[in-house]
Amino acid sequence: MSGQVEDQSKLERVLRSGQLAVTAELNSPDSHLPESVHRNALVLGSLCDGINATDAAGASVHLSSIAVSAILQKAGYEPVMQMSCRDRNRIAMQGELLGAAALNIKNILCLTGDGVHTGDHPEAKPVFDMDSINLLKTARIMEEEGRFLSGRKLESNPKFFLGAAANPFVPPYDFRPLRLKKKINAGAKFIQTQFCFDVTRLKTYMDSVNDMGLSEKVFILIGVGPIKSAKSAQWIRSNVPGVVIPDAIISRLKQAKDQVAEGKKICLEIVQQVIEMPGVKGIHIMAYGQEELVPEIIAESGILDNRNNNI
Amino acid sequence: MRMFRLHPALLELIYKGTVAFLSPGKSLIVRSRIINRGLILAEHLFKKPVFDCQMCGQCVLHNTGMICPMTCPKSLRNGPCGGVRTNGNCEVKPEMTCVWVTAWERSKQMPIYGPNINVIMAPLDRRLQDTSAWANQLSGRTEIIQDEWSS
């Protein structure tokens, strides 16, 4: 990969140093006040190597991901700006990519996006002018060839650290590693997966990913998170697209005296198992509504013990 | 006519045959407005009932298991999103099987174009909506659009 070390984002440097990385998802506020972003970032703690600024997560409107990322950047955090294809066409997306680079936001997570039906404006027009793979490649063309898709030259090439999502837990299972390969070919340098509650399924996926040599080409962070209760697990299962929670986990939560503690315990067990897996380079914590648990999960999993930050 | 759908390997042969049959008349097809309209009509009559064709004008059926990716509610041309349900159905339309679950299964039955499911497809040129995909392919327009994305 070209570029000087100082061109690299902090997240990229951590991953390239061969150490396990931890990212976490920020709850984007329904507010224009920078303090709201600071407050939500503070809960996540200062240990994360990257904080994801969601782009109208679940197709519900919140403060924009570029604004959240810029506020995080200014406050000394490392933002991972999410960009979904649901709400913009290619003109808006290229402008926004350039805007991110102008604000020194390098980590861009390119997503297709949930359908508008899941969110708070189901009557809105779903755009999907491009898909996540086209978006990745667009960013890469801007970065490597210094031009827009139209061919018009940029004054200077922006620098990105491009990421994409993967969901090994939903069909067509045997196509998922090939889709990952397609994303790598389009320009993805890191991957953050959907929530992992099924370690066996992840193992099968990682085995094929390793056999195909893909884990040497991309940094894979596994999505994890604590579930608050059996009831909340049921709700997530039926309302959040792409999240698979096996029955065994729901019954374990049901039987627990303290469901919050059990949810955290399950999460920690999953973290231990996934970081042992060949090809896994870190975790991505999504603790919606329980963000205060993120520093505890990082500390108790020991994932950042022995961390060397002089990189 | 929907029964054609059952045989992806046969459909890819029909596709290959159609291209071979139309290719010699390429220059005429590209220039003649009457032939162009005729092709649009033929695509309406054949591709609509068989594939539920949306007339995007940039047909990639042979690269997507002979299933039209434009019938995906997110019109994804590069593979399934992460929202597919565990039963293989669509996130947006729960009663419908995910287009890409079907596309992947069918690609595996297609010896000629099946492996093309791994090629990065260009985003649509929206100006070609309701034009003839066959004419666009013969004129080389589709190839020009696709070129920078698959390289």
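In chain A of this predicted model, residues 24 or more positions apart account for 77% of the contacts with a separation of 6 or more. In chain B, the share that comes from residues 24 or more positions apart is 61%, again among contacts with a separation of 6 or more.

Chain A mixes two kinds of element, with 11 helices and 8 strands. Its radius of gyration is 19 Å, close to the 19 Å that the globule rule gives for 311 residues, so chain A is as compact as a globular protein of that length. Stretched out along its principal axes, the C-alpha trace of chain A spans about 60 × 45 × 40 Å. Of the 311 residues in chain A, 58% are buried. What chain A does expose adds up to about 12900 Å², and carbon and sulfur atoms supply 51% of that. As for charge, chain A has 35 positive and 35 negative charges, and the mean positions of the two groups are 4 Å apart.

Chain B goes about things with helices: it has 6 helices and 0 strands, so to speak a plain α-α-α-α-α-α run when read from the N terminus. The radius of gyration here is 15 Å, close to the 15 Å given by the globule rule for 151 residues, so chain B too is as compact as a globular protein of its length. The C-alpha trace of chain B covers about 50 × 35 × 25 Å along its principal axes. Buried residues make up 49% of the 151 in chain B. The accessible surface of chain B is about 7400 Å², with 62% of it belonging to carbon and sulfur atoms. Chain B carries 18 positive and 11 negative side chains, and the centres of these two sets lie 5 Å apart.

Next come the nonpolar cores. The largest one holds 104 residues, and the members that touch the most other members are A:Ile108, A:Leu202, A:Ile245, A:Ile270, A:Ile283 and A:Ile285. Helix 10 of chain A, residues 259–275, gives this core its largest share, 7 residues. To take one of those well-connected members, A:Ile270 touches A:Cys196, A:Phe197, A:Val199, A:Val224 and A:Ile249, leaving aside residues up to four places away in sequence. There is also a second, separate core of 14 residues, and B:Val50, B:Cys68, B:Met70 and B:Ala133 are among them.

Helix 6 of chain A is a good one to look at up close. This helix runs over residues 176–186 and is mostly covered, with 8 of its 11 residues buried. The buried set is not just nonpolar side chains: A:Pro177, A:Leu180, A:Ile184 and A:Ala186 are in it, but so are A:Arg176, A:Arg179, A:Lys182 and A:Lys183. These buried residues pack against helix 5, strand 5, strand 6 (190–195), helix 7 (199–211) and strand 7 (219–224) of chain A. Right after helix 6 comes A:Gly187, with a positive phi near 135 degrees. On the other side of helix 6, A:Pro172 sits in the loop that links strand 5 (161–166) to this helix. A cis peptide bond joins A:Pro171 and A:Pro172, with omega at about -5 degrees.

The loop between strand 4 (107–111) and helix 5 (132–145) of chain A is home to A:Met130. A:Met130 counts as buried because its relative accessibility is 2%, where the cut-off for buried is under 20%. Leaving out residues up to four places away in sequence, A:Met130 touches A:Cys85, A:Arg90, A:Met93, A:Leu135, A:Thr138 and A:Leu149, along with B:Pro123 and B:Trp149 from chain B. One of these partners, A:Met93, is 37 residues away along the chain, yet the two C-alpha atoms are separated by 9.5 Å.

A:Phe128 is found in that loop between strand 4 and helix 5 as well. Its phi is positive, near 45 degrees, even though the residue is not a glycine. A:Phe128 is buried, at a relative accessible area of 4%. A:Asn306 is another non-glycine residue with a positive phi, this one about 65 degrees. A:Asn306 lies in the segment after helix 11 (294–301) of chain A. So is A:Asn306 buried or exposed? At 77% relative accessibility, A:Asn306 counts as exposed.

Conventions
Residues numbered from 1 in each chain as written. Chains lettered and ligands numbered in written order. Predicted model: local features only at pLDDT ≥ 70, side-chain atom pairs only at ≥ 80, totals over all residues. Heavy atoms only, no water. Helix = DSSP H or I, 4+ residues; strand = E, 2+ residues; numbered from the N terminus. Buried < 20%, exposed > 50% of the residue type's maximum accessible area, 1.4 Å probe, protein only. Contact = heavy atoms within 4.5 Å. Core = buried A, V, L, I, M, F, W, Y, C linked by side-chain atoms within 4.5 Å. Rg over C-alpha atoms; globule rule 2.2 N^0.38 Å. Areas by Shrake-Rupley, 256 points an atom, 1.4 Å probe, with all protein chains shown as cover. Lys, Arg positive; Asp, Glu negative; His and termini not counted. Charge placed at Lys NZ, Arg CZ, Asp CG, Glu CD.
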